Amino acid sequence: MVLVDKDVWGMDTSLSFHHLLKEIRPNGTTESLPKIYLLATSISHTECNELKSAGLADNVLTKPLRLSVLIFCFQEVLGISKKRQLNRGKPLNLGKLLRNKQILVVDDNLVNRRVAEGALKKYGAIVTCVDSGEAALAMLNPPHNFDACFMDLQMPEMDGFEATQKIRSLEHKFNERIKSGEASSIEMFSNVTHWHTPILAMTADVIQATNEECLKCGMDDYVSKPFGEEQLYSAVARFF
């Protein structure tokens, strides 16, 4: 297993980066070679798919890395994840990471809210639903008790992109208070050193919801509609 930091290679050295991968994996062969994971702050789906199709990389991991993501990668390399697929449909085996986690679901569509709420609750999460970007902004104004948020992109008045940008702005201001010591007076959150609530986009427009666009506005990841129970779990569990 090899972790390669893509971001250390700037635009001027991207060719060197590709040559390096080709040296490790000549002719795109995969037999008897380590799994290669790229670490990237931002990468387009096109570039990601091209690297995978060419056999230059097995997957792309978005930074900052989470422990659960690395564990999943190790399991995949060792073949453990394939064995676990045989036990699908058993939420109790997977739900431990979400148990008692406070998750906010933001969507103007009632059906989507109910589907997401029901799926997350099966894994033990405590779910709160709101129907607008404005409501999400009020709920995620730090300090708060939410551990993560699923945010619909296409909402009237304030869409998911705008809501996320404003939430990140509020978090930035709160982090400044943490640095100055002002926030330490809030007893419940006195041990918080940096405030960042994982926000995952929900959208039916897969082309619009690229990693690059989501990251640009401050989102951490996205799930495409229609989504399944395991898809929601996998998307958010890596942050815990």
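How many of the residues of strand S2 (residues 36–40) are buried? In this predicted model, 5 of its 5 residues are buried, and the strand is mostly covered. The points below start with S2 and its partner strands, then turn to an open sheet of 5 strands, the helices that lie against its strands, and a glycine in a loop.

**Strand S2 and its partners**

- Ile-36, Leu-38 and Ala-40 point one way from S2, while Tyr-37 and Leu-39 point the other way. Residues of both groups are buried.
- In a regular strand, side chains alternate between the two faces of the sheet.
- Strand S1 (residues 2–5) runs parallel to S2 and is joined to S2 by 4 bridges.
- Asp-5 stands opposite Leu-39 of S2.
- Strand S3 (residues 59–62) is also parallel to S2, with 4 bridges between them.
- Ala-40 has Thr-62 in S3 as its bridge partner.

**The open sheet**

- The order of the 5 strands in this open sheet is S5-S4-S6-S7-S8, and their pairing is parallel.
- Strand S5 (126–130) and S8 are the edge strands, each of which pairs on one side only.
- From one strand to the next, the twist averages 20°.
- Strand S4 (residues 102–106) and S5 run parallel and are joined by 5 bridges.
- Within this pair, Val-127 in S5 is the bridge partner of Ile-103.

**Helices against the strands**

- Helix H8 (residues 160–180) lies across two strands, strand S6 (148–152) and strand S7 (199–203). The direction of H8 is at about 150° to S6.
- Helix H10 (residues 229–237) packs on the sheet, where it touches S4, S6, S7 and S8. The direction of H10 makes about 175° with that of S8.

**Gly-218**

- Gly-218 sits in the loop between helix H9 (211–217) and strand S8 (221–224).
- Is Gly-218 buried or exposed? Gly-218 has a relative accessible area of 19%, and it counts as buried because the cut-off is under 20%.
- Leaving aside residues up to four places away in sequence, Gly-218 touches Thr-164 and Arg-168.
- Which distance separates the C-alpha atoms of Gly-218 and Ile-167? The separation is 8.8 Å, for two residues that are 51 residues apart along the chain.

Key. Residues numbered from 1 in each chain as written. Predicted model: local features only at pLDDT ≥ 70, side-chain atom pairs only at ≥ 80, totals over all residues. Heavy atoms only, no water. Buried < 20%, exposed > 50% of the residue type's maximum accessible area, 1.4 Å probe, protein only. Contact = heavy atoms within 4.5 Å. Pairing = 2+ DSSP bridges. Axes fitted to C-alpha atoms, helices over the stretch in contact; angles between N-to-C directions.
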